[in-house]
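Trainee: I should be grateful for a close look at a single part of this structure, followed by an account of how the rest is arranged.

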Amino acid sequence: ARKIIIDSDPGQDDAVAILLALASPELDVLGITTVAGNVPLDLTARNARLIVGLSGRDVPVFAGCGAPLARDLVTAENVHGKTGLDGIELGEPVIPLAEPHAVDFIIETLRREPPGTVTLVPIGPLTNIATAFSRAPDIIERVQQIVLMGGAYFEVGNVTPAAEFNIYVDPEAAERIFDSGCEIVVMPLDVTHRALTSAEWIAGLRGLGNRAGEAVASWTDFFERYDKEKYGSLGAPLHDPCTIAWLIRPELFSGRRVNVEIETRGQYTLGMTVADWWGVSGRTPNALFMSDVDRDGFFALLTERIATLP
Ligand code: BDR
Ligand code: CA
């Protein structure tokens, strides 16, 4: 199985991504590292422990950076609710927080495992990964791939007119990642806004009769409200699970290798992913920027895997 570390700020869609990964035999989740993003770090670390508890699997959760590299934290309780994981009452986490700090776990794991065998899956702001790369530059060439959710091209922004949340929260960290030379796969809003839940799909999850299906249905019901009111969208965009689905079934997605630069100074465009879709800049491509998803295939995969959980 392919070894991955999920770096996350759960978040209902992060939660679905984590459950999908834990339910998939193609993937070996070495650990879940948490970062401040949708809500502050104490809550994202707590939520990740609740999600692992729900999965019935044994995977360690590490707490990482509580603030972006160079800016004040911007959170998204307006989308995800006060806890970051509103929608269903999950009680208290049963698994403890693991040691060490998430950044040390990332560094130690990449140094321990054979080069080119560990993939990083960041689905929140990129602070932990950037900090690990700055502190231990030797690990950069040991990374197999980075498969991240962030950015936008034709779809523009969801937090400002130009920027997507994960990149906007820590643009300096994102810049570090896109400049790293690692092989990067990006799931931008262009893809994730097509991964929209439907009422039938949510009903199907409830029909599974397991607790994980009930939780995912309740989270997406909650999460959907924001996008429906804000954009008149027909369902909830399952942003973060696109990364995991790509690792399992890459044929569900299509995209293009392009150059992506991160705007860190723009007055109106801070955190924008400037993706050179038409190759006009002459800059070397540094990422596989995805643009479409087979929606039916994606949701069928999710249901199939969630059905295997308790
Ligand atoms: C991203 O921001 C968060 O709110 C979601 O969890 C996702 O990672 C979408 O812009
Ligand atoms: Ca997220």
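Is Leu-85 buried or exposed, and why?

Mentor: Please bear in mind that this is a predicted model. Leu-85 is buried, because it has 27 C-beta neighbours inside 10 Å, and 20 or more are enough for a residue to be classed in that way. Its place in the chain is a loop, the one between helix H3 (77-80) and helix H4 (102-112). Beyond the neighbours within four places in sequence, the contacts of Leu-85 are Pro-10, Gln-12, Ala-15, Asn-47 and Leu-50. Val-143, by comparison, is 58 residues from Leu-85 in sequence, and the two C-alpha atoms are 30 Å apart in space.

Helix H1 (12-22) also takes part in the packing of another helix, H12. The buried residues of H12 pack against helix H1, helix H9 (199-208), helix H10 (211-231), helix H11 (241-248) and strand S10 (287-293). H12 itself comprises 12 residues, 295-306, and spans 17 Å from its first C-alpha to its last, close to the 16 Å expected at 1.5 Å a residue. Its buried residues are Phe-298, Phe-299, Leu-302, Arg-305 and Ile-306. These lie on the same side of H12, because they cover an arc of only 135 degrees around the axis. Asp-296 and Glu-304, on the other side of H12, are exposed.

H1 appears once more in the surroundings of ligand 1. There are 15 residues around this ligand, and those that come nearest are Gly-11, Asp-13, Glu-164, Phe-165 and His-239. Two elements, H1 and helix H6 (165-169), each give two or more residues to the shell. Sorted by class, the shell around ligand 1 holds five nonpolar, six polar and four charged residues.

The chain as a whole provides the setting for these parts. It contains 12 helices and 10 strands. Its radius of gyration is 18 Å, close to the 19 Å that the globule rule gives for 310 residues, so the chain is as compact as a globular protein of that length. Along the principal axes, its C-alpha atoms fill a box of roughly 50 × 45 × 35 Å. Leu-85 belongs to the buried class, which makes up 51% of the 310 residues in the chain. Finally, if one takes the contacts between residues at least 6 apart in sequence, 82% of them join residues at least 24 apart.

Technical notes
Residues are numbered from 1 along each chain as its sequence is written. Chains are lettered from A and ligands numbered from 1 in the order in which they are written. This is a predicted model: local features need pLDDT of at least 70, side-chain atom pairs count only at pLDDT 80 or more; totals for chains, interfaces and linings use all residues. Helices (H or I, at least four residues) and strands (E, at least two) are DSSP runs, numbered from the N terminus. A residue is buried if 20 or more other C-beta atoms lie within 10 Å of its own, exposed if 12 or fewer, and partly exposed in between; C-beta atoms are placed from the backbone. Two residues are in contact if their C-beta atoms, placed from the backbone, lie within 7 Å. The expected span of a helix is 1.5 Å times one less than its number of residues. The arc is that of the directions from the helix axis to the C-beta atoms. A residue is near a molecule or strand if its C-beta atom, placed from the backbone, lies within 6 Å of it. Ala, Val, Leu, Ile, Met, Phe, Trp, Tyr, Cys and Pro count as nonpolar, Asp, Glu, Lys and Arg as charged, and the others, Gly among them, as polar. The radius of gyration is taken over C-alpha atoms; the globule rule is 2.2 Å times the number of residues to the power 0.38.
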